[in-house]
Amino acid sequence: MATAIDICALTLAELAGKLARKELSSTEATRAALQQTAAIEPRIHAFLRVDEAGALSAAAAADARLQKGHPLSPLDGVPLALKDIFVTKGVETTAGSRILQGFVPPFDGTAVAKLKEAGAVLTGKLSMDEFAMGSSNENTPFEMVRNPWDVTRVPGGSSGGSAAAVAAREVFGTLGTDTGGSIRQPASLCGIAGLKPTYGRVSRYGVVAFASSLDQVGPMARTTEDCALLLQAIAGHDPLDSTSADLPAPDYRAASQRGVKGLRLGVPREYFVEGMDPEVEKSVRAGIDRLKALGAEIHDVSLPHTGYAVATYYIVATAEASSNLARYDGVRFGYRTREARGLKELYLRSRAEGFGTEVKRRIMLGTYVLSAGYYDAYYLKAQKVRTLIRGDFDKAFEKVDAIVGPTSPVPAFKLGEKVDDPLQMYLADIFTISCNLAGLPGLSVPCGFTGGGLPIGLQVLGKPFDEETLLAVGGALERDLGTHQKSPVI
């Protein structure tokens with residue numbers, strides 16, 4: 001009989017195969033995941049809450065279907081978990097903030113509903129930077145998540161809990177959200193695969209909003225193939241989301257097995273900059289060399305407005321955040337102060353006590369750039385630069401099929417190392433932000449390790465709605481390097 005450790009060592013695709021062949025039951029896999037979670041959580045803190053009863057009930061239902069030979073999908077019976085930004089019926093959803101403590105949604109967001117329709121077993125909700133605002137998972141009123149490869153270091157953010165849970169083998173896959181790199185950056189720092197689909201590929205209905213023109217839902221898992229299986233389940237048009245694209249979802253799993261022979265891959269000179277960790281540069285360049293050896297053509301390209309991306313992002317994102325977070329007023333749901341003596345004081349105290357420091361910082365920045373006299377100077381100009389950034393990509397994609405480079409300029413840094421320097425923290429997303437501003441798909445896959453054993457990620461950026469090419473590149477590199485087969489010793 002397989003042990004819990006043996007089961008948790010499987011990839012999502014491997015587990016799905018064993019469930020389909022009845023070599024394992026969903027209940028066995030779910031109990032193994034819950035057992036691993038109980039053993040690991042005191043050191044990792046990836047979960048905000050575990051729904052053991054709900055998970056075992058879903059696993060039993062999956063087993064009944066599997067025994068009859070009628071699985072709902074390849075995900076039927078597979079234990080997964082959700083970033084706490086996804087509205088989940090009957091399960092407290094806080095977006096990592098005290099201002100939403102106690103909020104139990106009466107419905108499922110579309111991505112959650114699609115996973116349930118696919119038969120997935122949801123074991124709980126995962127920690128995150130408050131309202132997805134952060135690059136390290138340190139912006140939280142709860143216990144900070146630790147990187148499974150080194151518990152003195154950050155897992156990245158804002159989907160740090162999602163990345164850490166996969167890396168620590170607590171679940172076989174997770175969903176995260178990516179506003180400026182919040183799937184890809186923690187995936188890089190935790191040594192897993194993370195995919196940000198094209199804006200509009202996956203419905204945002206039922207996702208607590210940070211910046212509505214930038215947010216996108218995506219999968220995080222051990223391998224590119226696993227991400228493909230998850231994306232297959234959640235992609236597609238949703239009439240409940242006006243930004244959802246009415247396009248069919250191709251066979252993503254087949255794409256992940258396709259290989260890179262004949263693909264033209266561009267390497268932007270602006271993505272190898274002064275200040276990048278030399279081990280990161282060495283590993284990423286080695287990964288690019290391997291892709292060339294596998295049959296890809298490598299070309300130099302330029303994305304000349306990259307240097308403006310961070311400033312542009314933090315104007316657009318904070319402006320949208322200040323608007324989206326205005327709804328948290330202590331009146332309708334979530335946290336309400338107990339000491340207010342009038343409506344205005346109720347608003348002020350509830351928001352002051354409920355929001356954390358980073359959220360307050362971004363609300364103030366956003367309110368400032370949208371205010372009279374500053375709108376044209378900041379917000380309108382940022383939107384114009386955003387158009388120029390998208391134009392850079394359009395021009396590059398006339399010559400190449402995808403763009404490759406580093407995901408993060410540094411490996412996982414120490415807890416507390418950058419928390420007092422917001423600008424340095426913001427620069428951690430320098431290579432991921434442009435993708436969101438342009439609405440493009442992006443994938444991070446492991447490509448090596450530092451001398452100290454910390455993971456390094458390689459990023460692949462693609463044309464709109466061409467996730468297939470990204471999965472082909474990521475899958476080929478994983479199979480060649482085998483980095484996904486390594487796991488942290490916790």
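# Working through a predicted model

Let's start with one residue: Cys8 has a relative accessible area of 4%, so this cysteine is buried. Keep in mind that the model is predicted.

## Exercise 1: Cysteines and disulfides

Work out how many disulfides the structure holds.

**Solution.**
- Step 1. Recall what we're looking for: a disulfide is a covalent bond between the sulfur atoms of two cysteines. The cut-off used here is a sulfur pair within 2.5 Å.
- Step 2. Take Cys8. Its closest cysteine sulfur belongs to Cys190 and sits 17 Å away, so the pair is too far apart for a bond.
- Step 3. Now go on to Cys190. Here the closest cysteine sulfur is in Cys227, at 13 Å, and that is too far for a bond as well.
- Step 4. Put it together: the count of disulfides is zero.

While you're there, check the surroundings of these cysteines. Cys190 is buried, because its relative accessibility is 1%. Cys227 is buried too, with a relative accessible area of 0%.

## Exercise 2: The chain as a whole

Decide how the radius of gyration of the protein chain fits with that of a compact globule.

**Solution.**
- Step 1. Get the expected value: for 490 residues, a compact globule would come out near 23 Å.
- Step 2. Compare it with the model. The protein chain has 21 Å, so the two agree.
- Step 3. Look at the overall extent. Along the principal axes, the C-alpha atoms fill a box of roughly 65 × 55 × 45 Å.
- Step 4. Add burial and contacts. Of the 490 residues, 60% count as buried. Among contacts between residues at least 6 apart in sequence, 76% join residues at least 24 apart.
- Step 5. Finish with the secondary structure: the chain has 17 helices and 11 strands.

## Exercise 3: Helix H5 and helix H8

Find which elements are included in the cover over the buried residues of H5.

**Solution.**
- Step 1. List the buried residues of H5, which runs over residues 110-117: Thr110, Ala111, Val112, Lys114 and Leu115.
- Step 2. See what lies over them. The cover includes strands E2 (79-83), E3 (121-126), E4 (173-177) and E6 (217-221), along with helix H8.
- Step 3. Step inside H8, residues 224-234, where you'll find Cys227. Leaving out residues up to four places away in sequence, Cys227 touches Ala193, Gly194, Pro219, Met220 and Ala221.
- Step 4. Step just past the end of H5, and you meet Gly119 with a positive phi of about 90°.

## Exercise 4: Unusual backbone spots

Locate Ala95, Asn137 and the peptide bond from Gly157 to Ser158, and say what's odd about their backbone.

**Solution.**
- Step 1. Know the usual case: most residues other than glycine have a negative phi, and most peptide bonds are trans.
- Step 2. Ala95 isn't a glycine, yet its phi is positive, about 55°. You'll find Ala95 in the loop between E2 and H5. Its relative accessible area is 0%, so Ala95 is buried.
- Step 3. Asn137 has a positive phi of about 65°, again without being a glycine. Asn137 belongs to the loop between E3 and H6, and at 0% relative accessibility Asn137 counts as buried.
- Step 4. The bond from Gly157 to Ser158 is cis, with omega near 5°. Ser158 is in the loop between E3 and H6.

## Exercise 5: Spaces in the model

Give the volumes of the largest pocket and of the two largest cavities, and describe what lines them.

**Solution.**
- Step 1. Start with the largest pocket, which holds about 360 Å³ of space. It has 16 lining residues, and those closest to its centre are Val87, Val207, Val208, Ala209 and Arg327. By class, the lining splits into 10 nonpolar, two polar and four charged residues.
- Step 2. Turn to the cavities: there are two of 30 Å³ or more.
- Step 3. The largest cavity is about 60 Å³. Of its 13 lining residues, Ala132, Gly134, Ser182, Tyr313 and Asp429 lie nearest the centre. The lining has five nonpolar, six polar and two charged residues.
- Step 4. The second largest cavity is about 40 Å³. Its lining includes Trp149, Ala167 and Cys190, and divides into five nonpolar, three polar and three charged residues.
- Step 5. Follow up on Trp149, which sits in the loop between E3 and H6 (160-167). Trp149 and Ala167 are 18 residues apart in sequence, with 8.2 Å between their C-alpha atoms. Trp149 touches residues including Ala167, Cys190 and Pro488.

Note on methods. Residues are numbered from 1 along each chain as its sequence is written. This is a predicted model: local features need pLDDT of at least 70, side-chain atom pairs count only at pLDDT 80 or more; totals for chains, interfaces and linings use all residues. Side-chain values use heavy atoms; hydrogens and water are left out. On a 1 Å grid over the protein atoms alone, a cavity is a set of points where a 1.4 Å probe fits but cannot get out, and a pocket is an open set with protein on both sides within 12 Å along at least five of seven lines; lining residues have an atom within 4 Å of a point. Grid points are joined across faces, edges and corners, and a volume is the space filled by probe spheres set on the points. Ala, Val, Leu, Ile, Met, Phe, Trp, Tyr, Cys and Pro count as nonpolar, Asp, Glu, Lys and Arg as charged, and the others, Gly among them, as polar. Buried means under 20% relative accessible area, exposed over 50%, partly exposed in between (1.4 Å probe, protein chains only). Helices (H or I, at least four residues) and strands (E, at least two) are DSSP runs, numbered from the N terminus. The radius of gyration is taken over C-alpha atoms; the globule rule is 2.2 Å times the number of residues to the power 0.38. Contact means heavy atoms within 4.5 Å.
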